[in-house]
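Please open the model in your viewer and keep the sequence panel beside it. The tour below goes from one selection to the next and says what to look for at each stop.

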Amino acid sequence: MATFVPSASEPPHVVITGAAGALGRAVVQRFMSDGARLALIGHSERQLADAFPGLDNSRHLLIAADVTSDAGMRAAAGQILQAFQHVDTVVHVAGGFEMGASVHTLDRASWDRMMNLNAWSFVAVAQAFVPSMVERKAGSVIAVTAKIAGHGLASMSAYIASKSALQRLVEAMAAELSPHGVRVNSIAPSVLDTPANRQAMPDANPAEWVSTDVAAQTVAFLASPAAQALHGQHLALDA
């Protein structure tokens, strides 16, 4: 089924979760440079306003919402759809990372935190936005997974399990939605070059990491008509 392409007179409508983070800001700038109309979701409106000073609030939306909350995401989607009428692309950047204990000493709180932030949040976002895409028979959903999701590493079990779960959710939803004209894919970076990662790994070489600008360009590709034949794919990104 052909993918919907907004008319030349209508800008694409894009929702970005985790918009105030390092990757989120790069994704925002990439879509903004293409003239998209954006709905930016973050922990708080103040955080979003600080990240995007001078944003045209008559054109774009700043929305505080908890991506792990079903009710919170439904409310956010209702506000966005009322303003935009429809959404063309959802980019789910929000998530979390933490080193953890060994599997045999892993505590339930750490497990639940990673699963909620990285896997369940995708479900909550999808529940909020996908029905309107299915109704229009058009749309693209893009998640941020991880290259290391395919195998376990010491002290990272909860994080990797949650990103692996996210990849399986992407694949399952792609199979469910492709007959309805909706594409679902992910980018799977190795290590992103962010201030947080530089601080956490001061002895590493950032030249070997993936820039947020490159990751944002790949997200934009997945949202474009050029990627209309991709369903359930995880584009691995390396420097």
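Two residues are said to touch, or to be in contact, when heavy atoms of theirs lie within 4.5 Å. Keep in mind throughout that this is a predicted model.

**The whole chain**

Begin with the protein chain in cartoon view, where the secondary structure comes to seven helices and nine strands. The radius of gyration is 17 Å, close to the 18 Å that the globule rule gives for 239 residues, so the chain is as compact as a globular protein of that length. If you turn the C-alpha trace along its principal axes, it spans about 55 × 40 × 35 Å. With a surface switched on, you are looking at about 11000 Å² of accessible area, of which 54% belongs to carbon and sulfur atoms, while 46% of the 239 residues count as buried.

**The sheet**

Next select the strands of the open sheet, seven in number, which follow the order E3-E2-E1-E4-E5-E6-E9 with parallel pairing. Strand E3 (61–64) and strand E9 (234–237) stand at the edges, and because each has a single partner strand, one side of each is left without a neighbour in the sheet. Neighbouring strands of this sheet are turned by 15 degrees against each other on average, direction ignored.

Now narrow the selection to E5 and strand E6 (residues 182–189), which run parallel and are joined by six bridges. Here you can find Val141 opposite Val184 in E6. Add helix H5, which packs on the sheet and touches E5, E6 and E9, its direction making about 160 degrees with that of E6. Then add H4, which lies across strand E1 (13–17), strand E2 (37–42), E4, E5 and E6, and runs at about 175 degrees to E4.

**Thr89, in strand E4**

Select Thr89, which has its place in strand E4 (residues 89–92). Is Thr89 buried or exposed? Its relative accessible area is 5%, and because buried means under 20%, Thr89 counts as buried. Show the neighbours as sticks: leaving aside residues up to four places away in sequence, Thr89 touches His13, Val14, Val15, Met133, Ser140, Ile142 and Ala223.

**Helix H7**

Ala223, one of those contacts of Thr89, leads on to helix H7 (residues 212–223). At 1.5 Å a residue its 12 residues should span 16 Å, and the end C-alpha atoms are 17 Å apart, which agrees. Colour the buried residues of H7, among them Thr212, Ala216, Val219, Ala220 and Ala223.

**Leu81, in helix H3**

Move to Leu81 in helix H3 (residues 70–84), and draw a distance from its C-alpha to that of His13: the two are 68 residues apart in sequence and 9.8 Å apart in space. Leu81 touches His86, Val87 and Ser132, not counting residues up to four places away in sequence.

**Two loop residues with positive phi**

Finish in the loops, starting with Lys137, between helix H4 (108–136) and strand E5 (139–144). Lys137 has a positive phi of about 60 degrees although it is not a glycine, and at 45% relative accessibility Lys137 counts as partly exposed. Go on to Ser155, in the loop between E5 and helix H5 (157–177). Ser155 likewise is not a glycine and has a positive phi, of about 65 degrees, and with a relative accessible area of 29% Ser155 is partly exposed.

Conventions:
Residues numbered from 1 in each chain as written. Predicted model: local features only at pLDDT ≥ 70, side-chain atom pairs only at ≥ 80, totals over all residues. Heavy atoms only, no water. Helix = DSSP H or I, 4+ residues; strand = E, 2+ residues; numbered from the N terminus. Buried < 20%, exposed > 50% of the residue type's maximum accessible area, 1.4 Å probe, protein only. Expected span 1.5 Å × (residues − 1). Pairing = 2+ DSSP bridges. Axes fitted to C-alpha atoms, helices over the stretch in contact; angles between N-to-C directions. Rg over C-alpha atoms; globule rule 2.2 N^0.38 Å. Areas by Shrake-Rupley, 256 points an atom, 1.4 Å probe, with all protein chains shown as cover.
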